[in-house]
2 protein chains.
Amino acid sequence: MARAGLTPQAVVDLAVGIVDDEGPDALTLAKVAQRAGVATPSLYKHVDGLPALRRAVETRATEDLARVLNAAALGVSGDAAVRSLLTAYRDHVRTHPHRAAMLAGAPAPDDPAAQAAAASSVASLDAVVREYGASAADRIHLIRTLRAAVHGFAVLEAQGGFGLPQDIDTSFATLLDVLVAGLAPHRRTA
Amino acid sequence: MARAGLTPQAVVDLAVGIVDDEGPDALTLAKVAQRAGVATPSLYKHVDGLPALRRAVETRATEDLARVLNAAALGVSGDAAVRSLLTAYRDHVRTHPHRAAMLAGAPAPDDPAAQAAAASSVASLDAVVREYGASAADRIHLIRTLRAAVHGFAVLEAQGGFGLPQDIDTSFATLLDVLVAGLAPHRRTA
DNA sequence: ACTCCAAAGCTAAGTGCATTAGCTTTATGG
DNA sequence: CCATAAAGCTAATGCACTTAGCTTTGGAGT
């Protein structure tokens, strides 16, 4: 192939880097091209315009999160598993604060990778709440409850929505305590 | 004054309308000018550029939310108050889904109105958790817990982050139940 | 009623970005 | 060694934000 040896993958890598460094609003084709050492229109050989690139970055972020959650669900169970997963979620968003807002949307219906990543995250959460809900239909509400709570916390923390930065660890501990205590009545097995 | 009789207020009104209709990304000075029946540069007589207008819209959204929360905190107490406030929060975001993402940021430090609105929301929440925490320092963690949980739920719902739209009311009921049950151990007075 | 002036509007012009079209180069496979 | 398809480029268009500077208008004060 030709000079810079770009691939769709590499372009998305650069885009993710820009988002992590400067936030989603700073993602522009011009900036990606500059980092790639290439003229802006050349990117269209690898990516179908800015909106598509945004979606690809979102997919990548969803996949990374899924990996983290899957890892955090290994070898734990019960309340400890809930704490492990939620803590991993929060820590991941703290490490990548600019991705926070990207994690709330539905995966693109035409992107199997995004669908798979989303399903994988749900599966990790489902494993963790399995002992709190008998049927999958019951558990979905618990999964949504946990996801909403951590996601809200992570977004607020990442975007400075909590007034003072101090004591946020204590607040997160409170969140975990409240959720774990609130989940107790749903437990199936003593 | 002159022809269109614009004011900073009126410009922000139009901007809020655009955000509510088409989302934050659709907010452009050109579109505001079109709705106002005015040439784009004329807006600079009333507003200090697009970023400032965005902030003003955010402030307005924060104020509206505060009003809703204040109203929902009237004449209720205990668990019912928690449910009332959180339900009002969720309903408000459902009514204005495009504002969801705007409600996570810190209020601009140089905008007293935004500061006041944020403080007012916190005050409503504080009143509701007063019987669960003795000191203000204790309550802040409960406030953050509740806010994170509802905000996460509202954002995920508004942005389609929950897979299927059905059963979301049940999920929200579960969220409320879990939070109320989890809060119980913190109750001061029986 | 008249004058003046500040506010509110306008047009013109510059900049940056996204995107499309069409050309040129390069590397690779036959 | 050459043909070709991918990868890159330049040129050009359109849209949005923004600044500069001019024009109009409506009301305040006489």
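Student: How do you know how the axes of helix H4 (residues 78-95) of chain B and helix H5 (residues 112-128) of chain B run relative to each other?

Tutor: In this predicted model, the two axes come within 9 Å and cross at roughly 155°. Angles over 145 degrees count as roughly antiparallel, and H4(B) and H5(B) are therefore roughly antiparallel to each other.

Student: Which residues in H4(B) and H5(B) meet, and what makes up their contact by class, nonpolar, polar or charged?

Tutor: On the H4(B) side stand Ala81(B), Val82(B) and Leu85(B), and they meet Ser124(B), Leu125(B) and Val128(B) in H5(B). The residues of this contact divide into 5 nonpolar, 1 polar and no charged; since Ala, Val and Leu count as nonpolar, the polar one is Ser124(B).

Student: What makes up the side of chain B that touches chain A?

Tutor: Here 31 residues of chain B are in contact with 31 residues of chain A, where a contact requires C-beta atoms, placed from the backbone, within 7 Å. The elements that give two or more residues to this side of chain B are helix H6 (136-158) and helix H7 (168-183) of chain B, and H6(B) gives the most, with 13 residues. By class, the residues on this side of chain B comprise 17 nonpolar, 12 polar and 2 charged.

Student: How do you know how the two copies, chain A and chain B, are related?

Tutor: A turn of 180° with a shift of 0.0 Å along the axis lays chain B on chain A with an RMSD of 0.0 Å. The two copies are thus related as by a two-fold rotation axis. The same surface serves both copies, given that 100% of the contact residues of chain B recur in chain A.

Student: Which residues are closest to DNA strand D, and what classes does the surface near that strand have?

Tutor: Of the 23 residues that surround DNA strand D, the closest are Ala4(A), Ala39(A), Ser42(A), Leu29(B) and Gly49(B). Helix H2 (29-36) and helix H3 (50-72) of chain B each supply at least two residues of this surface, which has 15 nonpolar, 5 polar and 3 charged residues.

Student: What elements does chain A have, and what percentage of its residues is buried?

Tutor: Chain A has 7 helices and 0 strands, and from the N terminus on its elements run α-α-α-α-α-α-α. A residue is buried if 20 or more other C-beta atoms lie within 10 Å of its own, and residues that are buried make up 42% of the 190 in chain A.

Methods
Residues are numbered from 1 along each chain as its sequence is written. Chains are lettered from A and ligands numbered from 1 in the order in which they are written. This is a predicted model: local features need pLDDT of at least 70, side-chain atom pairs count only at pLDDT 80 or more; totals for chains, interfaces and linings use all residues. Two residues are in contact if their C-beta atoms, placed from the backbone, lie within 7 Å. Helices (H or I, at least four residues) and strands (E, at least two) are DSSP runs, numbered from the N terminus. Copies are superposed by least squares on the C-alpha atoms of residues with pLDDT of at least 70 in both. A residue is near a molecule or strand if its C-beta atom, placed from the backbone, lies within 6 Å of it. Axes are lines fitted to C-alpha atoms, for helices over the stretch in contact, and angles run from 0 to 180 degrees between N-to-C directions. Angles under 35 degrees count as roughly parallel, over 145 as roughly antiparallel, 65 to 115 as roughly perpendicular and the rest as oblique. A residue is buried if 20 or more other C-beta atoms lie within 10 Å of its own, exposed if 12 or fewer, and partly exposed in between; C-beta atoms are placed from the backbone.
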